Amino acid sequence: MIVAIDGPAGAGKSSVAKACAKKIGFKCLDTGAMYRAVAWLAVQRGIALDDDAALGKLADGCKIEFRHEDGNPIASGISIDGHDVTEAIRTTEIDKAVSPVSAAGSVREAMVDQQRRIGDAGNYVIEGRDIGTVVFPNADLKIYLTATNEERAHRRVRQNADRGVGSIDYAEVLEDIIRRDEADKNRGNSPLRPADDAKVMDSTGIYIEDIIESICTYANIVQEGGKVE
C-alpha cells in the first residue's frame, strides 16, 4: 500500500509522513531529500544548475542511500556517492539550489525510477511534490498538505532553529518559500498540484497531531477496503 503525501515547501510533509509511517507500521520515503542530495552533489562538482544534460547524467549515475537504525522504518540519515549529507542538504544554499535541480526533466526521470523501485517493495508513506500525480498515480491514499505562506515560513524558521541548520530570518525564509512555490508550480516537468483524487488538507492553525491522526484514520479505512470521501 502506498500513502502519497504531496504539498508545497514548509507544509510539514516530512514530519507528518514520518509520524504517520510509525503509527501505521509503514516505511517512510522522503523524496525531497533525494533531490536535495543531487543538488548538493551538483554544487560540489560545480555543475551549472541550468544544465539539464549534465544534471541528468549526475542523477542517473549517483548512488543515494538512506541510513536506518535497527528496527526503525524511518531513515536517520542520507548519503550520496558515499558522502553523508544528512545535515548538508538542509542549508540555505541547498534550499535555493534544489528548485532548479528538481525542475530538470532528466533529474526527475532518474529520481522517479528510483522512487518507484523503492515504493514497489513494500508498504510506504512517501512524501514529495508529485507522488500522487506522477510517481504513484495509483497510490491507495493521496493527501495534499498545505498551509498559508506565513504559517509555513514560521514552521520552517522554528525547524531550522531546532536543528541549527538553515536560515532563521523570517523574511528570508518567507521569500524563499514563495519563490519555491512559483518554481514548483510553473515548472514544465511534474508541476506541483493536488492530484484530482487527493484529500486536500490545510493545516493552518491546526495542531499537527490532529493532521497525523486524520491521515492515519484515512489509511486504516483504505486498508480495510473503504473509501475516503
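This report walks through the cores, a small sheet, a helix pair and a buried strand of a predicted model.

**The main core**

Let's start inside. The largest nonpolar core holds 37 residues, and the members that touch the most others are V38, I64, I80, V107 and M111. Plenty of elements chip in: β1 (2-6), α2 (31-44), α3 (52-61), β4 (77-80), α4 (92-103), α5 (105-119), β6 (124-128) and α6 (131-135) each give two or more residues. The largest share comes from α2, with 9 residues. As a general backdrop, nonpolar side chains in soluble globular proteins tend to be buried together.

V38 is a good place to look around from. Setting aside neighbours within four places in sequence, V38 is in contact with L58, A59, C62, I64, I80, V101, V107 and M111. There is also a second, separate core of 24 residues, with A11, V16, V125 and C216 among them.

**The three-stranded sheet**

Next comes an open sheet of 3 strands, ordered β3-β4-β5 and paired antiparallel. β3 (64-67) and β5 (83-84) sit at the edges with a single partner strand each, so one side of each has no neighbour in the sheet. Between β3 and β4 there are 4 bridges in the antiparallel sense, and I64 stands opposite I80 in β4. Helix α2 packs on this sheet, touching β3, β4 and β5, and its direction makes about 40 degrees with that of β4.

**α2 against α5**

How do these two helices meet? They pack at an angle of about 135 degrees, with their axes 11 Å apart. Because angles over 145 degrees would be needed for roughly antiparallel, α2 counts as oblique to α5. The crossing of α2 and α5 is right-handed. On the α2 side the contact is made by T31, M34, Y35 and V38, and on the α5 side by V107, R108, M111, V112, Q114 and Q115.

**Inside α4**

Helix α4 has a good run of buried residues: I94, D95, A97, V98, S99, V101 and S102. Their cover includes α2, α3, α5 and α8 (170-186). Is S99, which lies in helix α4, buried or exposed? Its relative accessibility is 5%, and the cut-off for buried is under 20%, so S99 counts as buried. Beyond residues up to four places away in sequence, S99 touches R179, R180, A183 and D184.

**The covered strand β7**

Strand β7 (residues 141-146) is mostly covered, with 6 of its 6 residues buried. In a regular strand, side chains alternate between the two faces of the sheet. Here both faces of β7 are covered: L141, I143 and L145 are buried on one side, and K142, Y144 and T146 on the other.

β7 pairs with β1 and with β8 (residues 199-202), as this table shows.

| Strand pair | Sense | Bridges | Facing residues |
|---|---|---|---|
| β1 and β7 | parallel | 4 bridges | D6 and Y144 |
| β7 and β8 | parallel | 4 bridges | Y144 and V200 |

Y144 is thus a handy residue to click on: D6 stands opposite Y144, and V200 is the bridge partner of Y144 in β8.

Technical notes:
Residues are numbered from 1 along each chain as its sequence is written. This is a predicted model: local features need pLDDT of at least 70, side-chain atom pairs count only at pLDDT 80 or more; totals for chains, interfaces and linings use all residues. Side-chain values use heavy atoms; hydrogens and water are left out. A nonpolar core is a set of buried Ala, Val, Leu, Ile, Met, Phe, Trp, Tyr and Cys residues joined through side-chain atoms within 4.5 Å. Buried means under 20% relative accessible area, exposed over 50%, partly exposed in between (1.4 Å probe, protein chains only). Contact means heavy atoms within 4.5 Å. Two strands pair if DSSP finds at least two bridges between them. Axes are lines fitted to C-alpha atoms, for helices over the stretch in contact, and angles run from 0 to 180 degrees between N-to-C directions. Angles under 35 degrees count as roughly parallel, over 145 as roughly antiparallel, 65 to 115 as roughly perpendicular and the rest as oblique. A crossing is left-handed if the near helix is turned anticlockwise from the far one by less than a right angle, and right-handed if clockwise.
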